[in-house]
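Subject: A structure to look through

Dear colleague,

I am passing on a structure that I would like you to look through at your own pace, with the sequence open beside it. My notes follow below it, and they go from one pair of residues outwards to the whole protein.

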Amino acid sequence: DGKADKASRYVEGLVMPMGFEFGDGGVYICESTQLTHFKDSDGDGKADFRRVVLSGFGTGDTHQMINSLRWAPDGCLWFTQGYHIWSYIETPHGISELNRSGVWRYNPRTMKLDGFFNESTAGLNSWGVTFDDYGQVFHGGGANYCLYYSTPGLIPTLHPLAYKDNFCVSRGKSMEPEFLSSRHLPDDLQGVLMKSTYFTSQVSLYKISDDGAGFKSAALTDLIASKSNAFRPVESRVGPDGAIYVCDWLNPIIGHYQASYRDPRRDRTHGRIWRVTAEGRPLLPRPALDKMSAADLLEQLRSPERWPRDHARCLLYNMPKQDVIPAADAWLAKLDPNSPESARMLYEVSGIFA
């Protein structure tokens, strides 16, 4: 009926959580100076196990700490950090360092952690990473209104290399980007880029197209725009039913120096989740991915929707290799090398073995 019937708290007592992602039987959380992992070991719906995966991320400014976790098609966790953050993280491969705003990539299998765009060479207060259907990487620069085509600059280095591929500029500061892909949505929204532009109370849409070796963008009509400055969309994603879900901070006061910390207008208790559906179009059935075999999950990689593809890939990534590799070999053997779909299927399956 469009209203939540129940809400439960899986984890409590977190320190500045700035992003989460499901995985490895629990939830990964960007939590202040640490990347943590929580599990519910007794099935009561509450996490009772906490593991520090990585620590040593910077705390120069609370709203710029590590944020916006997302599983990538390469099987890694990607996340970002902001301008006043200096991070020095001990890993089995040595110290990983990233100064100021940039992008992180973490491989849970190898515990390899790579940092990109040192010294804020591609955006200030980076928020969020996303990927197109062929694995091209994009990230947001929240403080300077930009979206960056990340792929050409994904070179781990501490030398500040000038980087200008900010092909998409919004009207206000924005958060995580998301590519739309859902048969529930109209055809003209397929492949469109969506940004939560919290600063100007909009969920913005952009048409992305090739531009030589890079990309260009054209602004479309906003998905949502509000005259109320309490509407603060901070993340928008397509859900398993094909609808768009918008996380709304719901706060008229968002600055840390424009208004007093004690300003009574700061709302410390409320927030909203909006669901946006296409009128007259049925919602999509949610596939029972958790009950599928490796062969069935591989078939989900053909889905026109990104949600089942992304989650099927994560499940395959965490399955025992002795189950996945033979199934993947058999599935790949059936691909027609002359089909235009073949190259994308090879890409889809490659991340399982990262």
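A good place to begin is Arg237, which stands opposite Tyr245 in strand E21. Please keep in mind while reading that this is a predicted model. The strand that pairs with E21 here is E20, and the two run antiparallel, joined by 5 bridges, with E21 covering residues 244-248. Both belong to an open sheet of 3 strands, whose order is E20-E21-E22 and whose pairing is antiparallel. At the edges of this sheet are strand E20 (233-238) and strand E22 (272-276), each of which pairs on one side only. If direction is ignored, neighbouring strands of the sheet are turned by 20° against each other on average.

A second open sheet has 4 strands, in the order E5-E6-E9-E10, and its pairing is antiparallel as well. Here E5 and strand E10 (112-116) stand at the edges with a single partner strand each, so one side of each is left without a neighbour in the sheet. For this sheet too, the average turn between neighbouring strands is 20°, direction ignored. Within the sheet, E6 and E9 run antiparallel and are joined by 5 bridges, and you can find Gln81 standing opposite Gly102 in E9.

Another pairing that you may like to trace is the one between strand E7 (residues 86-91) and strand E8 (residues 94-99), which run antiparallel and are joined by 6 bridges. A hairpin of 2 residues leads from E7 to E8, and the bridge partner of Trp86 in E8 is Asn99.

Next comes the interior. In soluble globular proteins, nonpolar side chains tend to be buried together. The largest nonpolar core in this model has 21 residues, and those with the most contacts inside it are Leu54, Phe57, Phe79, Trp104 and Leu113. Several strands give two or more residues to this core, namely strand E2 (26-31), strand E4 (49-55), strand E5 (67-71), strand E6 (77-81) and strand E9 (102-107). What is Leu54 in contact with, leaving aside its neighbours within four places in sequence? Leu54 is then in contact with Thr33, Gln34, Leu35, Ile89, Glu90, Thr91, Tyr106 and Leu113. Apart from the largest core lies another one, of 16 residues, among them Leu301, Ala312, Trp331 and Met345.

One residue in a loop also deserves a visit, namely Ser303, which is placed between helix H1 (294-300) and helix H2 (306-318). Is Ser303 buried or exposed? With a relative accessible area of 11%, Ser303 is buried, because buried means under 20%. Not counting residues up to four places away in sequence, Ser303 touches Pro308, Arg309 and Arg344.

Finally, for the protein as a whole, there are 4 helices and 22 strands. The radius of gyration is 20 Å, close to the 20 Å that the globule rule gives for 354 residues, so the protein is as compact as a globular protein of that length. Its C-alpha atoms fill a box of roughly 60 × 55 × 55 Å along the principal axes. Of the 354 residues, 48% count as buried, while the protein exposes about 17,400 Å², of which carbon and sulfur atoms supply 53%. Among contacts with a separation of 6 or more, residues 24 or more positions apart account for 50%.

With kind regards

Key: Residues numbered from 1 in each chain as written. Predicted model: local features only at pLDDT ≥ 70, side-chain atom pairs only at ≥ 80, totals over all residues. Heavy atoms only, no water. Core = buried A, V, L, I, M, F, W, Y, C linked by side-chain atoms within 4.5 Å. Buried < 20%, exposed > 50% of the residue type's maximum accessible area, 1.4 Å probe, protein only. Contact = heavy atoms within 4.5 Å. Pairing = 2+ DSSP bridges. Axes fitted to C-alpha atoms, helices over the stretch in contact; angles between N-to-C directions. Rg over C-alpha atoms; globule rule 2.2 N^0.38 Å. Areas by Shrake-Rupley, 256 points an atom, 1.4 Å probe, with all protein chains shown as cover.
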